Amino acid sequence: MAFNLLNKDIETLTCPALVVFSKSSSQKDKLAKVTHSELNKKLAACLEEKSITGKHQEAVTFREINYKGFRHVIVVGLGKENQIDHESVRQSVATAFEAVKALGVKEAALHFDGITSSKKDAADFTKATVEGLILTSYVFNELMSAKKEEKEIDVHIVTKLAADKAVKAAFNEGVILATCTNFSRRLGDMPGNLMTPTILADSAVDAAKGTGLKVTVWDKARIKKERMGGLLGVSNGSAQEPRFIIMEYKGAAASKKPVVFVGKGLTFDCGGISIKPSAGMEEMKFDMCGGANVIGTLLAIAKLKLKINAVGLVASTENLVGPAATKPGDVHTARNGKTFEVNNTDAEGRLILADALSYATELEPQVIVDAATLTGAMVVALGNTHTGYFTRNSALKNKVEKAAVESGEWVWNMPLVDFHVKDMKGTYADLSNISAGKGAGSATAAAFLEQFVGEGIPWAHFDIAGTGWAVGNRLPYCTKKGASGVMVRTFVELAKQHA
């Protein structure tokens, strides 16, 4: 697929398909309008009979209309004019791309100037447009023996502002963010036998070449030497060795403290001896999406050349049933010296994150942010629309909310209080890996993690169990069942705030 900015008058182009937009009115009885003035007149009857309503993500295709240099015309709804923002644009452009694909053409022109008449929105909407196109173009079919070859489609984003410096910068940023997100998605979509901890680490090393990122990978012997009892303990049930991936980006003075992103990299999780039900267990290849998305975040930060220092840490292993597997009741010691009893081997993500957060603390960072498909309780609480996050730091909370607004991703602040910490006290060790009380499983998991973050360091935990995959029914630029790459865009926005 090729997506480019084109500085031309749309009327001078010849192309198999033209995408224009429609907007509905905030006034109940007023008709929608097509953003291309001549087509608005030509399609007046369709507007009158309301076959074009301007409703958000509505797509109406006019085949063989032969309008000027265009064989087909697609009209895509943006929604009510006073409610259009960059996320609604991202979603509508995703709808447009699918409509272009359905036509079977190799080239299309997108009338960008119809989306907004405001120059102040042009950059944001340009970024959203290219993100929508690239994210929607992602297909994971490389493992099919008779895979259907995806037709290459060139989409021209046609605008008179194509030469504007801010618009060009926004386009380039959108390309980087979406491409890195798609990279993270592929890591998540690969099955466990083809995305082991070793393959994940090698993928990070290969992807980092030429970006300025330094990637260091610790093997099992080094992990043991570094006293990572949580990561080592979880890995004992698997024939695959664990890996600890360290990605370092230096875009500021050495004296500037880094921003550290931590990801859970469980390349497959059967639950260990506390084995999961078989129904749906194949989805547990997605248990490494937090780690995959941290890798994507660091790649994006490096490619954008942000003026910060950043570190990505991914603790990666499998959680399986083997002769040396951790047993319920076993006690392990984390890197920071705290002990925990493993009363449920399926609550393993927090154990490997404990070591990663301990290591992150030693880096004396500005802030620590982690992402993990951590708890089913988060899915119960928020479904697959919002990512729940936990922080006790009010300044960081404000930054997270601002970053999410900028990225268009949906987050929800969840409670974390001392009662949740109390619920995680152990009987025979400092901590238990499951709560002594009922309910609040996501909050008690966050409380466990908090014990491995150094005092005074701003920290936020993002539980992506509901949003890490299978969100296509909510977001048209995501695949139906596959990995979503969630939080890559938000984490990059967070990084910008610490420059």
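## T467 and the loop before α15

T467 sits in the loop between β18 (459–463) and α15; helices (H or I, at least four residues) and strands (E, at least two) are DSSP runs, numbered from the N terminus. The model is predicted: local features need pLDDT of at least 70 and side-chain atom pairs 80 or more, while totals for chains, interfaces and linings use all residues. Residues count from 1 along each chain as its sequence is written, and side-chain values use heavy atoms, without hydrogens or water.

Is T467 buried or exposed? T467 has a relative accessible area of 4%, so it counts as buried (under 20%; exposed is over 50%, partly exposed in between; 1.4 Å probe, protein chains only). Its side chain makes a polar contact with the side chain of T387, at 2.7 Å (N or O atoms within 3.5 Å, one able to donate a hydrogen and the other to accept it; sequence neighbours count only if both atoms are side-chain atoms).

A470 belongs to the loop between β18 and α15 as well. With a relative accessible area of 26%, A470 is partly exposed. Its phi is positive, near 55°, and A470 is not a glycine.

## Helix α15 and its salt bridges

Helix α15 spans residues 488–496. Eight of its nine residues are buried, so the rest of the structure largely encloses it. The buried residues are V488, R489, T490, F491, V492, E493, L494 and A495.

R489 forms a salt bridge with E87, at 3.8 Å from N to O (a side-chain nitrogen of Lys or Arg within 4 Å of a carboxyl oxygen of Asp or Glu). This pair joins distant parts of the chain: E87 is in helix α3 (residues 86–103), R489 in helix α15, with their positions 402 residues apart. Both partners, E87 and R489, are buried. The pair is part of something wider: salt bridges link E87, R90, E131 and R489 in a network.

F491 has ring partners. It belongs to a cluster linked by ring pairs, together with F261, Y389 and F462 (ring centres of Phe, Tyr and the six-membered ring of Trp within 6.5 Å; planes under 30 degrees apart are stacked, over 60 edge-to-face, the rest tilted). Across the whole structure, the search finds ten aromatic pairs.

## N393 ahead of α12

Where does N393 lie? N393 is in the loop between β15 (387–390) and α12 (394–407). Its relative accessibility is 27%, so N393 is partly exposed. A polar atom of its side chain lies 3.1 Å from the backbone nitrogen of A395. N393 and G456 stand 63 residues apart in sequence. In space, their C-alpha atoms are 9.3 Å apart.

## Helix α9 and the loop before it

Helix α9 covers residues 289–304, 16 in number. From first to last C-alpha it reaches 22 Å, close to the 22 Å expected (1.5 Å times one less than the number of residues). Cover is high here: 15 of the 16 residues are buried. K305 follows the helix, and its phi is positive, near 55°.

The loop between β10 (259–269) and α9 holds I275. I275 has a relative accessible area of 53%, which means it is exposed. K276 forms a salt bridge with D269, at 3.6 Å from N to O. D269 is buried, because its relative accessible area is 2%.

## The loop between β4 and β5

E64 is in the loop between β4 (59–62) and β5 (70–80). Its relative accessibility is 43%, so E64 is partly exposed. Its phi is near 55°, again a positive value outside glycine. Most residues other than glycine have a negative phi.

How many salt bridges does a search of the whole structure find? The total is 28. One salt bridge pairs E11 with K68, whose closest N and O atoms are 2.8 Å apart. The pair connects distant parts of the chain, 57 residues apart: E11 in the loop between β1 (2–6) and β2 (15–24), K68 in the loop between β4 and β5. E11 is partly exposed, at 30% relative accessibility. K68 is partly exposed too, at 47%.
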